[in-house]
Amino acid sequence: MSHYNFRKIRAVLPSKQFVDNVLNKTQRRTPTVIRPGFKIIRIRDFYIRKVRTVQSMIHDKFGQILDDFPDLNSIHPFYSDLLNILYDRDHYKIALGSMSISRNIVDHIAKHYISQIKYGDSLFRCKTLKRAALGRLCTVIRKQKDSLSYLEQVRQHLSRYPSIDPTTRTLIITGYPNVGKSSFMNTITRANVDVQPYPFTTKSLFVGHFDYDFQRWQCLDTPGILDHPLIKRNTIEMQAITALAYIKSTILFFIDISETCGYSIHQQVTLFRSISRLFVGKPIVLVLSKIDLRKPNELSQEERKIIECVWDKELPKETFSDEEENENEKEKEELDEEDDEKDLIIGQENDESLGMALFNRELNWDIDWELKDGFLMASDERVKLVAISSKGEMGIAKVIEQSCDLLKSERVEKKVRSSEMDKNLNRLHVAIPEKRDEFERPPNIPKSILEMREKKKQKGYVKPKKLLSRDLEKQNGGYGKYDIDLRKEWILENEEWKDDIIPEIWEGKNIADFIDPEIERKLDELEKEEEEIIRKMEEADSQEMEVNDLNQTQEKMLDKIREKKMLKILKKNREKTRGRKSIPTNKNTKKSISSLKEHLKDMGLPDLPLKQAKKRHLKTKRGREKLRKGMMKELQDTQKEVKIGQGVVLNKDRSRVRSRSVDPRYKGFKDETQLKLARKIAVKQFEKKKNRYMPKGEGDRSIVTYRPKHLFSGKRGIGSADWR
């Protein structure tokens with residue numbers, strides 16, 4: 001995965017939209033109502049809050065831009081140089097630098113005007129300072145119009161650019177335009193690069209991925225490169241040069257031997273030699289493409305010698321006409337003048353430091369080229385030379401194999417040479433098994449496997465197809481007609497018995513009754529076994545007795561502990577049920593008068609109060625005082641001596657004992673603690689209700705009257721409906 005995801009960069013707003021966005025958010029997030037009658041402290045805070053909100057939003061926006069865009073000094077050199085080619089490093093740094101400077105200016109302006117608003121003596125003065133502050137802050141944004149638009153264009157281009165990981169296993173395809181690079185890329189990866197029969201179809205880097213040896217590999221398709229000085233190369237070519245210079249990879253240099261690309265083999269090899277300084281320390285694979293149009297055996301002796309001498313200091317001269325020679329001499333003079341200028345490529349070295357010649361011997365093109373599985377290949381210890389055709393996919397697999405193996409071996413050697421490897425090797429131990437005795441233990445291969453191997457060696461052997469249940473179903477009429485044979489899985493002494501038909505009646509008796517002659521005996525044994533298990537379980541339960549190893553004092557202590565524990569439980573339950581009804585009332589229970597009479601009779605009390613209550617209820621007029629006096633007199637006379645139970649006499653005095661009066665402060669409560677608890681609960685309930693309907697502030701928008709009477713009453717005139 002790439003280290004940098006440029007698609008996460010957030011959009012950069014244009015200056016006008018930037019200002020509108022900041023002011024609209026400020027209006028929504030801050031109060032909007034202020035009046036001259038308010039205290040001056042409140043007026044100052046109102047306008048200071050406006051200025052601070054605008055300042056913080058602009059500060060955050062500029063900071064977001066600086067954080068999102070990559071820093072050229074901290075990212076990988078490949079991306080740093082690529083950004084320089086595409087967007088100009090100086091212009092990019094100036095744009096980001098102006099964002100940083102503007103952020104500091106915004107903070108300074110806001111600080112200056114806030115200090116002045118703190119000493120404002122009226123609403124008008126504070127408002128004027130606020131307007132001046134916001135005006136200057138918006139002017140800072142408008143001055144960055146060009147930088148903001150440039151950064152937005154950079155962001156849009158970066159978001160469309162492919163994610164390239166410069167540290168992973170990579171193959172880079174390079175060469176002249178229209179030599180078959182994009183066709184090869186589309187063949188080995190799932191990338192969809194545009195392929196056309198004219199040069200410079202590919203104008204930027206394209207990335208594809210493929211799997212080899214259970215690992216993920218990255219493939220880069222670069223634009224075509226022409227053979228001219230570095231200063232004359234355009235932006236399209238410089239992208240390819242940057243990838244070749246900074247990414248550690250295997251280089252696949254394509255040479256079109258059919259010359260349908262418009263460039264001769266001599267020109268293509270010359271390009272290889274001119275950019276060979278970029279290949280230092282990297283494995284190289286020379287790919288001869290388009291062999292479906294022209295085979296390597298059809299090359300002339302001069303062309304073969306040019307390819308063989310690709311690493312030599314001097315190439316064999318190419319034969320030209322007189323006019324072509326004059327043009328080539330002029331171009332050579334121009335190149336000699338420009339070669340004195342400095343090249344900006346990292347890692348310049350002489351061609352001699354790159355190694356020996358491509359091949360230590362001259363290739364015999366008629367013998368060394370072998371046709372195997374549709375590819376042609378000639379190789380040396382250091383550099384591979386492969387011929388391919390993307391049209392028929394000839395040699396594609398061999399190119400991938402050779403290039404990936406070269407890069408893997410190179411990466412492994414580099415890790416072995418590193419200083420950290422010495423530390424790790426000391427901690428590793430490779431165990432090699434030793435022979436313990438002289439006995440030979442050959443591998444035990446089953447006989448069926450050996451027979452199968454011998455059959456496979458025979459000519460015309462076809463592996464027998466296993467007959468599945470689905471195949472049997474198709475042979476016997478398909479679904480609905482075919483019935484599965486369940487007896488084929490039976491395990492019997494003789495396999496032929498599976499197809500025998502089992503009779504139901506034999507000699508007048510049901511065979512099913514005689515399948516197991518000892519079935520009754522087995523059932524009796526099972527029942528006896530079950531009864532024995534139940535009896536043992538009952539005996540074990542009866543024999544279980546509680547073992548008490550405590551003495552008398554310990555038992556007393558245990559009783560006290562249990563008593564205390566029970567008291568704590570009761571106290572806790574009492575606290576839980578405090579404030580609740582101890583006895584639930586049932587509204588549906590109704591008692592008749594006859595049941596009350598029987599209840600009073602059982603208790604030995606007269607039913608006179610019940611008769612008087614009934615009489616009073618039936619009277620139409622209310623004579624409370626007279627009736628109450630008569631009732632009391634009769635009760636006093638009858639309740640002097642009342643026998644209850646067995647000879648027990650209750651003497652009642654005429655004067656009733658007065659109960660203790662309740663303190664009016666605790667009316668309805670048991671004591672002072674219960675009263676305090678009730679008041680506390682009441683305050684909480686009141687606070688909840690009050691918090692639900694909090695007082696509205698000056699920042700809350702509210703329409704007190706949706707339809708004011710002075711606007712919607714009376715006869716409408718001819719004029720406007722707007723009274724203002």
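**Exercise 1. Place Gln239 in the predicted model and list its distant-in-sequence contacts.**

Solution.
- Leaving aside neighbours within four places in sequence, Gln239 touches Leu82, Leu86, Tyr161, Lys203, Ser204 and Leu205.
- The element that holds Gln239 is helix 8, residues 235-246.
- The relative accessible area of Gln239 is 3%. Buried means under 20%, so Gln239 is buried.

**Exercise 2. Describe the chain as a whole.**

Solution.
- Count the elements: the chain has 22 helices and twelve strands.
- Take burial next. Of the 724 residues, 29% count as buried.
- Turn to the surface. The accessible area of the chain is about 55100 Å², and carbon and sulfur atoms hold 51% of it.
- Finish with contacts. Among those with a separation of 6 or more, 68% join residues 24 or more positions apart.

**Exercise 3. Check the length of helix 5, then find its buried and exposed residues.**

Solution.
- Helix 5 covers residues 123-143, which makes 21 residues.
- At 1.5 Å a residue, the expected span is 30 Å. The end C-alpha atoms lie 30 Å apart, so the two values agree.
- Now list the buried residues of helix 5: Leu123, Cys126, Leu129, Lys130, Ala133, Leu134, Leu137, Cys138, Val140 and Ile141.
- Look down the axis of helix 5. The buried residues fall within an arc of 165°, so they line one face of the helix.
- On the other side of helix 5, the exposed residues are Phe124, Arg131 and Lys143.
- Last, find the partners. The buried residues of helix 5 pack against helix 1 (15-29), helix 2 (40-68), helix 4 (89-117) and helix 6 (145-160).

**Exercise 4. Repeat the analysis for helix 1.**

Solution.
- Helix 1 has 15 residues, and 1.5 Å a residue gives an expected span of 21 Å. Its end C-alpha atoms are 21 Å apart, which agrees.
- The buried residues of helix 1 are Ser15, Phe18, Val19, Val22 and Thr26.
- Around the axis they cover an arc of only 95°, so they sit on the same side of helix 1.
- Lys16 and Arg28 are exposed, on the face of helix 1 turned away from its buried side.
- The cover over the buried residues of helix 1 includes helix 2, helix 5 and helix 6.

**Exercise 5. Which residue forms a salt bridge with Asp68, and which parts of the chain does the pair tie together?**

Solution.
- Start with the principle: side chains of opposite charge can pair when their charged atoms come close.
- The partner of Asp68 is Arg10, with the closest N and O atoms 3.2 Å apart. The cut-off for a salt bridge is 4 Å.
- Locate both ends. Asp68 lies in helix 2, and Arg10 lies in the segment before helix 1. The pair therefore ties together parts that are 58 residues apart in sequence.
- Check the exposure of Arg10. Its relative accessibility is 47%, so Arg10 counts as partly exposed.

**Exercise 6. Describe other salt bridges of the chain, including Arg125 with Asp121 and Arg417 with Glu413.**

Solution.
- The total for the chain is 17 salt bridges.
- Take Arg125 with Asp121: the closest N and O atoms are 2.8 Å apart. Arg125 is partly exposed at 45% relative accessible area. Asp121, at 53%, counts as exposed.
- Take Arg417 with Glu413: the closest N and O atoms are 3.9 Å apart. Both residues belong to helix 12 (residues 396-417). They are four residues apart, so about one helical turn separates them.
- Compare their exposure classes. Arg417 is exposed, with 59% relative accessible area. Glu413 is partly exposed, with 43%.
- Add a network: salt bridges link Glu518, Arg521 and Glu525.

**Exercise 7. Which residues form the nonpolar surface patch that includes Trp490, and where does Trp490 sit?**

Solution.
- The members of the patch are Trp490, Leu492, Trp497 and Ile502.
- Together they have about 430 Å² of accessible area.
- Trp490 sits in the loop between helix 15 (469-475) and strand 9 (505-506).
- With 39% relative accessibility, Trp490 counts as partly exposed.

Conventions:
Residues numbered from 1 in each chain as written. Predicted model: local features only at pLDDT ≥ 70, side-chain atom pairs only at ≥ 80, totals over all residues. Heavy atoms only, no water. Helix = DSSP H or I, 4+ residues; strand = E, 2+ residues; numbered from the N terminus. Expected span 1.5 Å × (residues − 1). Buried < 20%, exposed > 50% of the residue type's maximum accessible area, 1.4 Å probe, protein only. Arc of directions from axis to C-beta. Contact = heavy atoms within 4.5 Å. Patch = residues over 30% accessible without salt bridge, like charges linked within 9 Å, V, L, I, M, F, W, Y side chains within 5 Å. Areas by Shrake-Rupley, 256 points an atom, 1.4 Å probe, with all protein chains shown as cover. Salt bridge = Lys/Arg side-chain N within 4 Å of Asp/Glu carboxyl O.
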